[in-house]
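Colleague: I'm new to reading models like this one, and I'd love a close look at one spot in a strand and its surroundings. Could you take me there slowly, starting from the whole chain and ending with how helices pack?

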Amino acid sequence: MRSLVTAGLIALTSALAPAALAQERPSTILVLDASGSMWGQIDGINKITIARDVVGDIVSDFPADQNLGFVTYGHRERGQCADIETLVEPAPGTAAEIAGIVEGLNPRGMTPMTDAVVTAAQALRHTEQAATVILVSDGIETCNPDPCAAARALEEAGVDFTAHVIGFDVRGEADALLQMQCIAEETGGRFLTADNAQELNEALREVTAAPASGSFTFTANLGGEEIGDETVWERPAAPPELPLLSGEVIWEISDTSFNMVQTGTANPFTTDLPFGDYIVTVHSTAQDDFSQTEASLALDSARNVHAIFPPITSQQPAAQVFGPAQTLVGSAFTVSWEGEGLAPRDYVTIVPADAEDGAYADYDRLENRTEGELRAPAEPGLYEVRLQLDAGNRVLARTPVEVVDADVTVSAPAQVVVGSAFPVTWQGEGLHPRDYVTIVPAGSADGTYADYDRTQGRSEGELRAPAEPGLYEVRLQLDVGDRVLARTPVEVVDAEVAVSAPAQVVVGSAFPVTWQGEGLHPRDYVTIVPAGSADGTYADYDRMQGRSEGELRAPAEPGLYEVRLQLDAGDRVLARTPVEVVDAEVTVSASAQVVVGSAFPVTWQGEGLHPRDYVTIVPAGSADGTYADYDRMQDRSEGELRAPAEPGLYEVRLQLDAGDRVLARTPVEVMDGNVSLDGPDRARAGAEITLSWTGAIHPRDYIAIVPGGTPDGEQSGYRRIQDEDQATFTAPAEPGAYEIRYHLDRGDRVMARRPLEVLAADAPIDEGAGLMVPGTARPGDIVTVSWTIEAGDADRRVALARADAPDFTWITVDHVGDETETVIKLPDEPGQYEVRFLDLQSQSVLGRAMITLGE
């Protein structure tokens, strides 16, 4: 056997492989549902928010050299089946771009799920390679009448793609599940479901995971004298121009523990193997030789493995090996060696004295050292320590070793309780840290084991008694060969165990449980199950943990139950006591009528309620267990709920946290609110305006100013109403038609709205005064100001003020009587000023106009 590696050559050829293999990875397009239903919530979090986080996490781990694209639908328009867009064409290094796009998606439209998959498949078609579409959707197809037929048509048209489909929060939606499953099956893909963020993350990682195996080709070539006298292993991107080795070639591929995985006699020899680390051995009948290498086979490694044999056999070096004359069974002992030309992968091993050359058992590679360690066999006898070549397994040196039995004892209590932890002690020379003690039924075959504890250089440890009483043995066994070195009998007996609980408890309540018994293990437990359940059944449980009392939670349904004390090992029931679970006298009260979006008080009373039981408000007729806004009991008798955004008939329910059973309910009518908004009809761009409102519902409701035609629920900024009835806002910066809206905090429903015309920042505003003012003048000029409003009894003034000054402050002011004009001397300082026609009696501005004073 020859040493293996010309390291530089292997490094060079292996480095060529990943770039080529990157092209073999399938191009992928992610199709993400951005329809309006993605605003739905899971555990209080919008599904689109969950999708943003999970997709951002997944694409950040996507291979940078693999093509990745992105398609979405329902993100631009409501009610449009054509709202499908390829936002990122398949290309390498697109992960950051896709994550940014997903973060900005605003769901609002339909669910053209099938046509989105078609769009993605067509975007991948130009690659003319196998491709993958990953669809994430939370609802039923709303556009294409037959998703199965559409998927089938793509396959029949020769589009080489696979669609993996992930149904997100579609539990209970049979039609949607069938549609999604059909798309996956028709394209050879997988169908998975995910009900929360963690499951969505796991599903996406599962369908984007790299393949677990690949096809690899192994070839034996004949090299020239230029390669030297050692077999060279190469993994080039393309086969070398060398002749195949003549004669029979035998391949043996084993794992790193020398367990055979695959064999073959072809040359080349092609086989499918799971990715991993292997030992590859090639035998040549023509050379009467063989060679061996360790190979890491992975998705991005070269698929061709070549063993290039030299034309002649080289001379082997002389060597010596040294070991002890005698050692104990199973012990570790030191071996040393010396010799010229030894290769790092040559090895020492211990085998029976009459074993053929090339045989090996426990071994240690030389690795440029002069000493190492071997493990003695489990059986006493005459053995040899041999130094063997890795290439050819020729023995270079050998020395005899006698393996003898050790004087070993093991001790344990004569009697232990079922399931208990008990001490074990041992002594003996030469025990290996991985040798172990175990407890097994008396008469079991040597090598049998159950609960065990490694010796680890100690002289004492701990075992767990079996669940069933009887006669057992504690054994000390060798890790190598499982030979029993010592044994002692142990009787496992039943414990005197008792468990107590109240004879009667209320559904869903927490109740105390006490127990007593000798030898109970900290992981043994109490549980409550229906009477007649099979032993080992469990529901709510509490571990012993060295205590004598604990707490269980009663089931949601009344009936006859048992509290049981069960062993953790074997689930055997040691003690039991009956418990009747009864319904509680529970009531819940709330106002008969509440306003949409408002907070309203709820009170309740009942025996045995659990702190995590809760009240909730749901539409009348909803299935039991349904919930919306809720409030936990928390040992209180009153709480608060938030009314839905839509009026109608609802129920306030008190539900168990365990099982979601409804214990009490009361009807509530949700009424529409009467909210009004008041404010100016017109305002200059960027100016401060005062808005007021009546009929406010909740402090977290808010006011928003949006461009006319903006869909309800969309806004770029808002202000909570808190406990106020008016507030100052800044008008939008761009002139145009706007709407002032009062939104409910829950559901974003608009309760009141009024139009607002935003004028240019310097536009005049007339509220009936007919004010006429020159637009520009010079500092210090005297200008004429006129108006058309008729004289009245009110206290009216014409005022000059800085443009940004409050409405009822001024620099100069003139009283207005029957006249229709006046003159004003302008300030000496340049800037923006405003002339205002004021009605002091009503505190209103009837007209205003800007005047600019230049240099």
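Modeller: Here is a walk from the overall picture to one strand residue, its surroundings and then two helix pairs.

This is a predicted model, in which local features need pLDDT of at least 70 and side-chain atom pairs count only at pLDDT 80 or more, while totals for chains, interfaces and linings use all residues. Residues are numbered from 1 along each chain as its sequence is written, and side-chain values use heavy atoms, with hydrogens and water left out.

The protein has eight helices and 64 strands; these are DSSP runs numbered from the N terminus, with at least four residues for a helix (H or I) and at least two for a strand (E). Its radius of gyration is 42 Å, well over the 29 Å from the globule rule for 855 residues, so the protein is more spread out than a compact globule. That radius is taken over C-alpha atoms, and the rule is 2.2 Å times the number of residues to the power 0.38. Along the principal axes, the C-alpha atoms fill a box of roughly 135 × 85 × 60 Å. Of the 855 residues, 48% count as buried, where buried means under 20% relative accessible area, exposed over 50% and partly exposed in between (1.4 Å probe, protein chains only).

Now for your spot. Thr219 sits in strand E9, residues 213-222. With a relative accessible area of 5%, Thr219 is buried. Setting aside neighbours within four places in sequence, Thr219 is in contact with Leu244, Trp251, Asn267, Pro268, Val305, His306 and Ala307; contact means heavy atoms within 4.5 Å.

Two of those partners deserve a pause: the peptide bond from Asn267 to Pro268 is cis, with omega near 5°. Pro268 lies in the loop between strand E12 (260-264) and strand E13 (269-274). In the loop between strand E11 (249-255) and E12 we find Phe258. Phe258 has a positive phi of about 65° although it is not a glycine, and at a relative accessible area of 21% Phe258 is partly exposed.

For another strand residue, try Ala683 in strand E50, residues 682-684. Ala683 counts as buried at 3% relative accessibility. Its partners beyond four places in sequence include Ile689, Ala731 and Glu757. Ala683 and Glu757 are 74 residues apart in sequence, with their C-alpha atoms 6.4 Å apart in space.

Finally, the helices. Two packed helices are described by the angle between their axes and the distance between the axes. The axes of H3 (residues 47-60) and H4 (residues 95-103) come within 9 Å and cross at roughly 180°, which makes H3 roughly antiparallel to H4. Axes are lines fitted to C-alpha atoms, for helices over the stretch in contact, with angles from 0 to 180 degrees between N-to-C directions. Angles under 35 degrees count as roughly parallel, over 145 as roughly antiparallel, 65 to 115 as roughly perpendicular and the rest as oblique.

The other pair is H6 (residues 147-156) and H7 (residues 174-186), whose axes come within 8 Å and cross at roughly 10°. H6 is therefore roughly parallel to H7. Among the residues making this contact are Pro147 and Cys148 of H6 and Cys182 and Ile183 of H7.
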